Amino acid sequence: MKKFWTYSGILLIIGMVFWVVERKENSPVEKEEPELAIVEEVIPIEENLLYGINVDELDITEGIVKRNQTLSAILAPFNVPYQIIDEIAKKSSEIFDVRKIAFNKKYTVLTPKDSLKAQFFIYEPNQTEFVVFKLDQPEIYKESKPMEIKDREIGGTITSSLYVNMVGLGLTPDLIDQFADLYGWVVDFQRLQKGDKFKVVFKEQLVENQTVGIEDIEAAYFEHMGQGYHAIPFEQNGIVSYFDQEGNSLKKAFLRDPLKFTRISSRYSLSRFHPVQKRYKAHLGTDYAAPRGTEIRSVGDGTVLEAGYSGGNGNYVKIKHNGTYSTQYLHMSKIGKGIKRGTRVKQGQVIGYVGSTGLATGPHLCFRFWKHGKQVDWLREDIPPAEPIAKENLTAFEKVKLEKLAQLDSVSYTENVELLTSLDD
């Protein structure tokens with residue numbers, strides 16, 4: 001009997017062990033939560049850049065070039081040794097000639113906060129570029145400022161003159177020159193009337209929110225004495241030109257004027273009182289009033305026949321364009337670089353600058369025009385037009401024309417309130 005209880009106890013213990021093990025195996029296992037990795041957010045530190053240079057540890061000095069001021073004179077207060085300035089001047093000649101540092105241009109000097117010796121000199125030759133002189137290397141490089149292209153469209157009404165009204169609406173002289181060149185052979189801008197209208201669609205170039213140029217005129221319209229003239233750009237033979245609604249070119253063999261938009265001060269005449277010689281004589285040219293130094297353009301492609309100085313003409317250039325036409329440009333302050341006998345020139349190329357050399361009372365250009373060897377009145381000549389739209393391009397032109405006409409129709413006329421007020425006063 002004793003053995004019975006002994007065996008029973010052993011079996012009971014074994015059974016309990018199996019029950020505990022089985023329960024443990026069948027019970028859900030609690031999984032341990034993994035430790036979360038702590039990720040530190042890296043916030044980039046923005047550099048304080050000026051001309052692409054980190055200026056956090058630099059002092060900034062800005063200035064404007066004074067009249068006749070040289071690089072050496074500018075850098076003298078910044079403890080830059082003359083030897084370094086001389087080395088920079090020699091090394092920079094291919095990138096930027098320091099002798100061309102000009103009056104009234106902006107410059108910037110960067111100096112380490114723990115030093116009295118400048119580390120960088122930055123010069124801005126124009127609105128779109130800057131030249132960096134790294135003084136401790138020395139190293140020189142030129143960069144362009146970021147440029148933004150902005151679509152613009154504007155319309156206006158003539159109350160004074162094309163120039164005054166366009167400027168009053170915020171348009172630049174560069175755009176006005178291009179617009180005037182477009183319509184030079186269609187509209188006489190010397191005889192505009194109040195109420196004439198214009199529209200122009202163009203791309204404007206901006207640097208640091210300042211207008212620096214015009215990329216393209218995309219379409220234009222001018223209404224003179226109730227007659228409308230469209231200017232539609234179209235590429236033909238690899239060249240973009242402007243055409244009217246019928247596909248006729250607005251361009252002719254010559255530019256309308258040898259100067260950008262200006263005024264005529266004296267016309268062709270067989271009997272004009274000469275302001276210097278004080279007598280009546282033939283004036284076989286057209287005078288354009290303009291400030292000294294204004295660029296003079298060749299009105300067409302051609303070859304320079306003469307370029308030099310003569311008593312009455314002063315500094316002058318004469319160009320042969322073809323077997324029929326030649327032109328002459330008188331009283332220049334100086335002749336353009338590289339312009340000499342035999343030089344080939346392109347339409348619109350600068351050949352000289354307005355002056356008052358020779359028999360002249362003040363700065364102006366006397367422009368003379370020859371046809372078959374005889375001087376004729378430039379303003380009365382029927383200049384042959386450029387090539388119209390070719391037949392094989394008419395379908396493509398019609399598509400472009402419809403797009404541009406719709407674009408121009410959407411442009412409204414803006415009145416220059418300030419200008420109208422001043423005229424009323």
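Colleague: What makes the contact between the side chains of Glu 124 and Lys 106 a salt bridge?

Modeller: A salt bridge is a side-chain nitrogen of Lys or Arg within 4 Å of a carboxyl oxygen of Asp or Glu. For Glu 124 and Lys 106 the N to O distance is 4.0 Å, so the pair counts as a salt bridge under that rule. Glu 124 lies in the loop between strand 5 (120-123) and strand 6 (129-134) and Lys 106 in strand 4 (residues 106-112), so the salt bridge joins parts 18 residues apart in sequence. Helices (H or I, at least four residues) and strands (E, at least two) are DSSP runs, numbered from the N terminus.

This is a predicted model, in which local features need pLDDT of at least 70 and side-chain atom pairs count only at pLDDT 80 or more, while totals for chains, interfaces and linings use all residues. Residues are numbered from 1 along each chain as its sequence is written, and side-chain values use heavy atoms, with hydrogens and water left out.

Colleague: Why is Glu 124 called buried?

Modeller: Buried means under 20% relative accessible area, exposed over 50%, and partly exposed in between (1.4 Å probe, protein chains only). Glu 124 has 11%, so it is buried. Lys 106 has 31% and is therefore partly exposed.

Colleague: How do you know that Glu 208 and Lys 145 are paired?

Modeller: Their closest N and O atoms are 3.6 Å apart, which makes a salt bridge. Glu 208 and Lys 145 are 63 residues apart in the chain. Glu 208 is exposed because its relative accessible area is 59%, whereas Lys 145, at 9%, counts as buried. Both residues belong to a salt-bridge network with Glu 62, Lys 106 and Glu 124.

Colleague: What is the N to O distance between Asp 181 and Arg 297?

Modeller: The distance is 2.9 Å, and the two side chains meet in a salt bridge. Asp 181 is in helix 5 (residues 173-182) and Arg 297 in strand 17 (residues 295-297), so this pair ties together parts 116 residues apart in sequence. By this rule the count comes to 14 salt bridges.

Colleague: Why is strand 23 described as largely enclosed by the rest of the structure?

Modeller: Seven of the eight residues of strand 23 (residues 364-371) are buried, so the description follows.

Colleague: Which strands pair with strand 23 in the antiparallel sense?

Modeller: Two strands pair if DSSP finds at least two bridges between them. Strand 16 (residues 286-289) has four bridges to strand 23, strand 20 (residues 325-335) has six, and strand 24 (residues 374-376) has three.
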